[in-house]
Amino acid sequence: MNSSTLNKFHFITVVWGDAYTDLYQNIVLPNLLSAGNLPAFAGEEAVFKIYTTLRSADSIKLSPAFERLSKLMPVEFILMDGSKGGGNKYRLWSEYNRQAVAAAQKKGAGMIFLPSDQIYADGSFKRLLEIARTGKKAVMVAGLRVIKEELMPLLLKKFYSSRDHSITISSRQLMRLALNCFHPITQAVVYGRKRIGAWPSHVYFPVPGEGLLARCFHLHPLLVRAGEKASFSGTIDGDFLTAACPDFNDIQVIGSSDEILAVELDERAQPLNGGAMRPSALNLAAWAKYNADPYHREYFKTSIKFIADETAASWAAAEGLAAGLADKIFFWLRFEP
């Protein structure tokens, strides 16, 4: 990798719709502006790119947080055509991510993908920059989903600063709040239930009062560096990663929320992926056979700690349970045709 490109970054967000825009300008942007997040990139060659509609762009520009962001680094708005994607929001999101990837590749810039409903513990981006400087091509994180209606008021009441329009919260503080407002989608894949959700891309092992241990097939690519030949037709967390990082050793999976913590704020009414199943290793292996590519399976080998407090004995028990389940899943996957 050319060392001259290690300080080039495109921050990429795709956002549209009144509810997401409101969350983005009032919670997400202020959170990104905490001292250990976006300001950590102040000395880098960075551009902040927002793919959005004209209505949402006009609204975002009026927010105090946007004014501060625009002083921190150049901001570009790229207007979206809502007819793309055939009315499917995931296809639309992927279409504009592909455009963002192509633009970053031409500049030789690293891509930092920031979902419009995701916040980060203070210091997460400072740590991300440290990893980026080592030459890693991708940094993968597990986003923990919580109930927006419960977390938003707490963030605004306790952690918002009107002085600099930022929301600053440490990883342990954020996890303590998250423990009390897990989204139903999160609760549905907690191991130990008689039946779990039918889309177990994450499996959580509770550490009572202290956090969660996770094993995850699907992770969010927070940072990706890719040459111009790394094209993809699917999603940024799917075939794009295999094209951008043909050597899995170029990927770093974040194993502790003390390093980087991403929390996704979602409406309570967000529907569960239909159905449920018995949480046996055989059932999870059958799901992985059709829904997890080789990289997704590699991610599942890493235990990820979401830490509010840490007592060694409590976490060791969860580690043992997770490791045992993973061993059985990979045993069954050996027999897939």
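User: Why is Asp18 called partly exposed?

Analyst: In this predicted model, Asp18 has a relative accessible area of 48%. Exposed would require over 50% and buried under 20%, so at 48% Asp18 is partly exposed.

User: What makes the pair of Arg55 and Asp18 a salt bridge?

Analyst: The side chains of Arg55 and Asp18 meet at 2.9 Å, N to O. The cut-off is 4 Å between a side-chain nitrogen of Lys or Arg and a carboxyl oxygen of Asp or Glu, and the pair therefore qualifies. Arg55 belongs to helix H2 (residues 54-61) and Asp18 to helix H1, so the bridge ties together parts that are 37 residues apart in sequence. By this rule, the count comes to 18 salt bridges.

User: How do you know that Arg55 is exposed?

Analyst: The relative accessible area of Arg55 is 59%. The term exposed applies over 50%, so Arg55 is exposed.

User: What makes Asp266 and Arg145 a salt bridge, and which parts of the chain does the pair tie together?

Analyst: The closest N and O atoms of Asp266 and Arg145 are 2.6 Å apart, which satisfies the limit of 4 Å. Asp266 lies in strand S15 and Arg145 in strand S7 (residues 143-147), so the bridge joins parts that are 121 residues apart in sequence.

User: Why is Asp266 called buried, and why is Arg145 called partly exposed?

Analyst: Asp266 has 6% relative accessibility, and the boundary for buried is under 20%; Asp266 is therefore buried. Arg145 has a relative accessible area of 22%, which lies between 20% and 50%, so Arg145 is partly exposed.

User: What makes Arg176 and Asp309 a salt bridge, and where in the chain do they lie?

Analyst: Their side chains meet at 3.6 Å, N to O, and the distance is within 4 Å. The pair links distant parts of the chain, 133 residues apart: Arg176 is in helix H7 (residues 171-178), and Asp309 is in the loop between strand S17 (304-307) and helix H12 (312-333). Arg176, at 39% relative accessibility, is partly exposed, and Asp309, at 33%, is partly exposed as well. In addition, salt bridges that share partners join Arg172, Asp258, Lys305 and Glu310 into one network.

User: How do you know that Ser256 is buried, although it lies in a loop?

Analyst: Ser256 sits between strand S14 (251-253) and strand S15 (262-266). Its relative accessibility is 17%, and the term buried applies under 20%; Ser256 is therefore buried. A polar atom of the Ser256 side chain lies 3.1 Å from the backbone nitrogen of Asp258. Neighbours within four places in sequence aside, Ser256 is in contact with Lys305 and Ile307.

User: Why is Leu69 called buried, and which residues is it in contact with?

Analyst: The relative accessible area of Leu69 is 0%, and buried means under 20%, so Leu69 is buried. Leu69 is placed in helix H3 (residues 64-72). Leaving aside neighbours within four places in sequence, the contacts of Leu69 are Leu29, Leu33, Leu38, Phe48 and Val75. Leu69 and Phe48 are 21 residues apart in sequence, with their C-alpha atoms 8.7 Å apart in space.

User: Which residues touch the most other members of the largest nonpolar core?

Analyst: That core has 92 residues, and Phe11, Phe48 and Phe240 touch the most other members. Helix H1 (residues 18-32) gives the most to this core, with 6 residues. Another core, of 22 residues, lies apart from it and includes Met277, Ala285, Trp315 and Ala326. Beyond four places in sequence, Phe48 has contacts that include Phe11, Tyr24, Leu69, Met73 and Leu114. In soluble globular proteins, nonpolar side chains tend to be buried together.

User: What makes Leu282 suited to a surface patch?

Analyst: Membership of a patch requires over 30% relative accessible area, and Leu282, at 45%, is partly exposed. Leu282 lies in helix H10 (residues 281-291). Together with Phe331, Trp332 and Phe335, Leu282 forms a nonpolar surface patch with about 420 Å² of accessible area.

User: What makes the phi of His165 notable?

Analyst: Most residues other than glycine have a negative phi. The phi of His165 is near 55 degrees, a positive value in a residue other than glycine. His165 is found in the loop between strand S8 (160-161) and strand S9 (166-167), and at 25% relative accessibility His165 is partly exposed.

Key:
Residues numbered from 1 in each chain as written. Predicted model: local features only at pLDDT ≥ 70, side-chain atom pairs only at ≥ 80, totals over all residues. Heavy atoms only, no water. Helix = DSSP H or I, 4+ residues; strand = E, 2+ residues; numbered from the N terminus. Buried < 20%, exposed > 50% of the residue type's maximum accessible area, 1.4 Å probe, protein only. Contact = heavy atoms within 4.5 Å. Patch = residues over 30% accessible without salt bridge, like charges linked within 9 Å, V, L, I, M, F, W, Y side chains within 5 Å. Areas by Shrake-Rupley, 256 points an atom, 1.4 Å probe, with all protein chains shown as cover. Polar contact = N/O pair within 3.5 Å; in protein donor to acceptor, adjacent residues only side chain to side chain. Core = buried A, V, L, I, M, F, W, Y, C linked by side-chain atoms within 4.5 Å.
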